[in-house]
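Colleague: I have this model open and would like to learn how to read its fold. Could you take me through it, one feature after another?

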Amino acid sequence: AVDASDVIKDLLTLSRRERYDMRPVDLNEVVLSCLDSSHCRNLASRKPGVMLTTDLCESVAPMNGSFSHLQKMVLNLINYAYDTAGSDGEISVSTRLNRHDTLRSGYDKIDPGEYVVLSVRDNGRGIPRDDLDKIFEPYHSRAVAGHEGSGLGLPVVYGVVKDHGGYYDVFSEPGKGSEFVLYFKVIASP
C-alpha cells in the first residue's frame with residue numbers, strides 16, 4: 001500500500017515547483033543522505049537480494065540547488081529502481097563530473113559546460129518503447145500488481161530536474177533494465 005504521507009509529499013513537491021531555496025550543493029552528499037535514509041533501508045529490507053552499488057566521483061563540483069528537492073528526486077529514482085528490480089536485481093548509483101555540449105543520447109543540445117552527472121541504473125523489467133515518452137506524466141504507470149508507488153515519482157524527478165536547469169536522458173530496454181542520467185551545470189566553488 002502507498003503511504004498517504006508519501007503521496008502528499010509528492011503533491012507538495014510538484015505544487016512548489018520553482019520555489020526553492022537554492023544554494024551550492026554537493027550532489028554526492030545528497031546521494032549519501034538518501035542511501036542512509038530510513039526509506040532506502042526499508043526498500044533494501046523488503047528486497048534483500050537486490051544489490052545496490054555506488055560509484056561517486058571524488059572530485060564532484062557543487063551545483064546550485066535545493067538539497068531537500070534533490071533528495072526527493074534521488075529517492076524517487078532509487079525507489080523506481082527497487083520497484084522494477086527482480087528479487088535478485090542490481091542497482092547502481094553513480095556521479096561523474098564531465099564537460100558536455102550534447103546529451104549522451106545525442107538527441108538534444110545542452111548549454112556547453114561542466115556538468116555533474118547522476119546515473120541511476122537497474123537491470124529490472126525495463127520500459128516498453130511506446131511508454132518512454134509518457135513516463136514523466138503523473139499517474140502513468142505500468143506497475144506490476146503488488147508494487148508500490150504513488151504514480152508521481154517520475155513526474156517529481158522531471159519537475160526537480162527542470163526547475164534546477166538540468167537535463168535528462170533515459171535509456172531502457174524491456175527485460176534489461178533502465179538508466180536515468182541527469183545533468184546539472186556546476187557552479188564556481190563558493
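Modeller: Gladly. Let us begin with contacts: two residues are in contact when heavy atoms lie within 4.5 Å. This is a predicted model, and among its contacts between residues at least 6 apart in sequence, 77% join residues at least 24 apart.

Colleague: Which elements make up the chain, and in what order do they run from the N terminus?

Modeller: The chain has five helices and seven strands. From the N terminus on, they follow one another as α-β-α-α-β-β-α-β-β-α-β-β.

Colleague: Now the sheet. What is the order of its strands?

Modeller: For a sheet, look at who pairs with whom. Here five strands make an open sheet, ordered β2-β4-β5-β7-β6, with mixed pairing. At the edges are β2 (51-55) and β6 (167-173), each of which pairs on one side only. On average, neighbouring strands are turned by 20° against each other, direction ignored.

Colleague: How many bridges join β6 to β7?

Modeller: Seven bridges do, and the two strands run antiparallel, with β7 covering residues 177-185. To find your place, take Val170, whose bridge partner in β7 is Phe180, or Tyr167, which stands opposite Tyr183. The hairpin of β6 and β7 has three residues between the strands, and Gly175 there takes a positive phi near 85°.

Colleague: Which helices lie on this sheet, and at what angles?

Modeller: Check which strands a helix touches, then compare directions. Helix α2 (residues 27-35) lies across β2, β4 (90-102), β5 (109-122) and β7, and runs at about 165° to β4. Helix α4 (residues 67-84) also packs on the sheet, where it touches β2, β4, β5 and β7 and makes about 40° with the direction of β5.

Colleague: And how do α4 and α5 pack against each other?

Modeller: For a helix pair, read the angle, the distance between axes and the handedness. The axes of α4 and α5 (residues 153-163) are 9 Å apart, at an angle of about 140°, and the crossing is left-handed. On the α4 side the contact involves His69, Leu70, Lys72, Met73, Asn76, Leu77 and Tyr80, which meet Gly153, Leu154, Val156, Val157, Val160 and Val161 of α5. By type, the residues of this contact are nine nonpolar, three polar and one charged.

Colleague: Why is α5 described as largely enclosed by the rest of the structure?

Modeller: Count its buried residues, meaning those under 20% relative accessible area. In α5, nine of the 11 residues are buried, so the helix is largely enclosed by the rest of the structure. Among them are Pro155, Gly159 and Asp163. After α5 comes Gly165, with a positive phi near 70°. For the chain as a whole, 43% of the 190 residues count as buried.

Colleague: Last, the nonpolar core. Which residues touch the most other members of the largest one?

Modeller: Those are Met73, Leu118 and Phe184, in a core of 40 residues. Two or more residues come from each of α2, α3 (38-46), α4, β4, β5, α5 and β7, and α4 gives the most, with nine. Leu118 makes a good starting point for tracing contacts: leaving aside neighbours within four places in sequence, its partners include Leu27, Val31, Met73, Leu77, Val93 and Phe180. There is also a second, separate core of seven residues, including Leu103, Ile110, Val181 and Tyr183.

Conventions
Residues numbered from 1 in each chain as written. Predicted model: local features only at pLDDT ≥ 70, side-chain atom pairs only at ≥ 80, totals over all residues. Heavy atoms only, no water. Pairing = 2+ DSSP bridges. Helix = DSSP H or I, 4+ residues; strand = E, 2+ residues; numbered from the N terminus. Axes fitted to C-alpha atoms, helices over the stretch in contact; angles between N-to-C directions. Left-handed = near helix turned anticlockwise from the far one by under 90°. Nonpolar A, V, L, I, M, F, W, Y, C, P; charged D, E, K, R; others polar. Core = buried A, V, L, I, M, F, W, Y, C linked by side-chain atoms within 4.5 Å. Buried < 20%, exposed > 50% of the residue type's maximum accessible area, 1.4 Å probe, protein only.
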